[in-house]
Amino acid sequence: MGIELKGITKTYDQHEKPVLSEVNAEIQDGELFVIVGPSGCGKSTLLRMIAGIIPISDGVLKINGQVMNGVSPKDRNLSMVFQSYALYPFLNVADNVAFGLKARKMAPAEITKRVDDALAMVNLTEYRDRKPRELSGGQRQRVALARAIASDSKICLMDEPLSNLDAQLRVRMRSEIRELQRKLGLTLIYVTHDQTEAMTMADHVMVLHDQHVQQIDSPLGIYNHPANHFVAQFFGTPQINLLSARTAGQGAADELIVDAALHVHLDEALNAGTYTVGIRPNQMDLVPVMDNGGNATVINVEALGDQTIIEAMLDNDVEVRIVKTGQVSVDLQQRIEVSALGPAFVFGADEALIAEQRGMQDDRLAVTN
Amino acid sequence: MQMDTTVMNQATTKRRIGNFFKYVALIILAFIVIFPFVLGLWTSFLPSMDIAKGSLWGGHLTLHNYVTAFTQTKILRYLLNSLVISTLVMFAHLFFCSLGAYAFVFLDFKYRNLLFYIVLGTMMLPFEAEVIPNFTTVKMLGLLNHYSVMVIPFLTSAFGIFMLRQTFKQIPKDLKEAADVDGLSHWQFYWQVTLPYSKISLFTLAAYSFLGSWNQYLWPMLTTFSDHLRPVQDGLRQLQSEETFNDWGMVQASAAIVVIPTLIVLFFGQHYFKSGLNEGSVK
């Protein structure tokens with residue numbers, strides 16, 4: 001049955017623009033659904049509307065087929081994990097986990113059992129008598145998870161739960177959360193601003209920007225078929241190159257020209273005009289050239305060991321990022337010739353995707369061959 | 001190598017000299033502040049004759065003044081009166097101020113801020129300006145010369161509401177939202193989260209209210225007429241004027257006795273004034 005959002009809109013002031021408008025989505029039972037977007041896009045607001053902490057201005061929210069608008073949070077039977085963990089500082093770990101269960105007037109024996117199980121699941125059994133201030137950030141985060149686990153509701157909402165942790169811990173907690181979600185069969189709605197979290201954890205991703213849903217798809221679906229400029233730029237590091245290009249010749253053509261050396265061939269012809277081509281950094285190539293030849297100048301080189309990121313300035317003053325696998329030695333100020341390997345996206349004047357050139361699927365096929 | 005340590009030694013010497021002067025200044029100031037208090041305590045152990053003669057350092061220390069204070073005067077009664085009144089006022093403050101502050105922080109109602117500013121505004125009025133209207137009110141209520149007259153007008157305090165509101169505002173919003181998801185009612189959130197979270201401020205307010213009430217002087221003097229109702233501060237004044245020959249040693253001893261509860265409250269309260277007890281709730 002899952003969760004259904006129909007035209008969800010949030011307006012704080014009658015006279016002002018809505019902070020979220022017309023959000024439609026269907027979240028299946030047992031899936032990990034990530035809501036991602038830059039700060040201020042309304043993703044936390046959406047989550048709080050689902051939780052029932054803030055009222056829905058317009059639209060219908062259904063949980064398991066039941067309309068939930070106006071139902072109080074506790075009757076929606078869900079749990080929530082906050083960015084700040086929201087632990088009670090004056091209670092020890094076990095009491096923190098038990099707090100919500102006591103508030104729901106559960107039988108003491110049942111509470112003890114659930115608290116023990118939940119703490120065991122997050123490996124905090126030996127810390128049960130500690131106060132939150134005696135725990136590390138990662139442990140506090142796990143207490144918050146244990147609280148959600150103990151509640152035994154099948155829907156869990158998480159609001160940027162990992163953004164206060166350091167990078168390594170974040171990677172570990174990412175897989176721990178994913179594992180827990182699968183083991184417990186939770187329907188997990190996960191809010192984040194981090195596209196890596198969205199890519200690595202989600203079954204489905206909703207991209208929010210500018211008060212609107214930009215795209216809902218699987219992580220690879222989003223990476224391989226970005227609906228518009230914003231989505232293309234938001235997913236993938238380094239960022240995709242968006243270059244202005246025009247069709248070759250006078251009429252409709254199957255070739256887009258960025259500059260003399262940088263061409264993109266298309267499967268289908270496009271009407272004459274100017275378009276934006278999106279090319280992932282790993283789908284671009286460069287060749288060093290002597291003297292003043294080529295079409296770009298290297299301005300920055302980042303060697304990561306297994307790959308090298310080269311930033312170059314095209315002669316028409318547009319910056320491009322190129323990723324080469326392995327270690328490439330290029331000098332700063334070196335003249336290079338930048339070309340496209342093939343796969344590319346073409347966006348129209350309204351920034352929406354209108355054509356794909358061999359997408360990214362070619363990559364995956366190449367690997368399996 | 002040699003040069004490294006030279007620079008370091010110079011820095012150390014400089015810091016030590018700086019600290020030396022800092023402590024000298026602090027010791028002098030501390031002495032000035034504490035001297036009258038020590039002198040008072042000292043005289044409370046001297047026979048009244050010595051005090052009258054002005055020979056403070058004669059060396060005849062005695063507990064006689066304390067014995068007289070307890071046996072010849074009603075100081076025990078005064079202490080009991082003050083204890084009852086101050087305790088009642090303290091608990092009333094804790095309860096009513098926290099309820100008021102909770103409403104101003106966690107409930108959303110019309111004119112919330114305006115009402116809060118009105119409450120704050122009452123702090124502008126000095127207590128002396130309220131004495132006459134308050135006196136008329138309690139007189140009409142028929143409360144004069146009764147314990148309740150020293151408690152009822154002081155059941156709540158604008159300062160307490162203000163202070164607790166500031167404290168409650170520090171409670172992370174996430175904690176309230178988590179409680180909402182757990183289905184806590186306002187009363188449960190107030191009792192199980194807000195109060196424990198604000199323990200330190202509540203202790204501070206308790207100490208402040210207790211001492212404030214303990215040191216009341218003007219109001220009890222105006223509204224009580226019988227000796228057995230007098231709180232300590234008025235009792236002290238009573239001791240001084242009752243007798244033609246002032247037994248200064250005994251008065252001094254009584255004053256020392258009256259100060260002791262204040263010191264106890266501050267001593268134990270100090271433990272709770274330490275911050276950091278709420279660390280770990282949120283990152």
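Biologist: Into which domains is chain A divided?
Modeller: The domain assignment of chain A gives domain 1, spanning 3-233, and domain 2, spanning 237-368. This is a predicted model, and everything we discuss is read from its computed coordinates. The centres of these two domains of chain A, taken over C-alpha atoms, are separated by 38 Å.

Biologist: How many residues does each domain of chain A bring to the contact?
Modeller: Domain 1 of chain A contributes 9 residues and domain 2 of chain A contributes 13 residues. On the side of domain 1 of chain A that touches domain 2 of chain A, helix 7 (219-224) and helix 8 (229-234) each supply at least two residues, and helix 8 of chain A has the largest share, with 3 residues. By class, that side of domain 1 of chain A holds 4 nonpolar, 5 polar and no charged residues.

Biologist: Let us stay with chain A and turn to its helices. How should I read the packing of helix 4 of chain A and helix 5 of chain A?
Modeller: In general, two packed helices are described by the angle between their axes and by the distance between the axes. Here the axes of helix 4 (residues 137-151) and helix 5 (residues 167-184) of chain A come within 12 Å and cross at roughly 10°. Angles under 35 degrees count as roughly parallel, and therefore helix 4 of chain A and helix 5 of chain A are roughly parallel to each other. The crossing in which helix 4 of chain A passes helix 5 of chain A is right-handed.

Biologist: Which residues of helix 4 of chain A and helix 5 of chain A meet?
Modeller: From helix 4 of chain A come Gly138(A), Gln141(A), Leu145(A) and Ile149(A), and they meet Leu169(A), Met173(A), Leu180(A) and Leu184(A) of helix 5 of chain A. The residues of this contact divide into 6 nonpolar, 2 polar and no charged.

Biologist: Now the strands. In which direction do strand 16 of chain A and strand 17 of chain A run?
Modeller: As general background, the side chains of a regular strand alternate between the two faces of the sheet. In this model, strand 16 (residues 296-303) and strand 17 (residues 307-314) of chain A run antiparallel and are joined by 7 bridges, with Thr297(A) standing opposite Met313(A) in strand 17 of chain A. The two strands form a hairpin with 3 residues between them, and in its turn Gly305(A) has a positive phi of about 100°.

Biologist: What joins strand 17 of chain A to strand 18 of chain A?
Modeller: There are 7 bridges between strand 17 and strand 18 (residues 319-325) of chain A, which run antiparallel, and Ile310(A) has Ile322(A) in strand 18 of chain A as its bridge partner. This hairpin has 4 residues between the strands, and Asp317(A) takes a positive phi near 65° there.

Biologist: And the other chain: which domains does the assignment give for chain B?
Modeller: The assignment gives domain 1 (2-64) and domain 2 (71-273) of chain B, and 34 Å separate their centres, taken over C-alpha atoms. In their contact, 8 residues of domain 1 of chain B touch 7 residues of domain 2 of chain B.

Biologist: How many residues of chain B are in contact with chain A?
Modeller: The contact involves 20 residues of chain B and 25 residues of chain A. On the side of chain B that touches chain A, helix 8 (173-182) and helix 9 (186-197) of chain B each supply at least two residues, and helix 8 of chain B gives the most, with 7 residues. That side of chain B has 9 nonpolar, 5 polar and 6 charged residues.

Terms used. Residues numbered from 1 in each chain as written. Chains lettered and ligands numbered in written order. Predicted model: local features only at pLDDT ≥ 70, side-chain atom pairs only at ≥ 80, totals over all residues. Contact = placed C-beta atoms within 7 Å. Nonpolar A, V, L, I, M, F, W, Y, C, P; charged D, E, K, R; others polar. Domains from an automatic or database assignment. Pairing = 2+ DSSP bridges. Axes fitted to C-alpha atoms, helices over the stretch in contact; angles between N-to-C directions. Parallel < 35°, antiparallel > 145°, perpendicular 65-115°, else oblique. Left-handed = near helix turned anticlockwise from the far one by under 90°.
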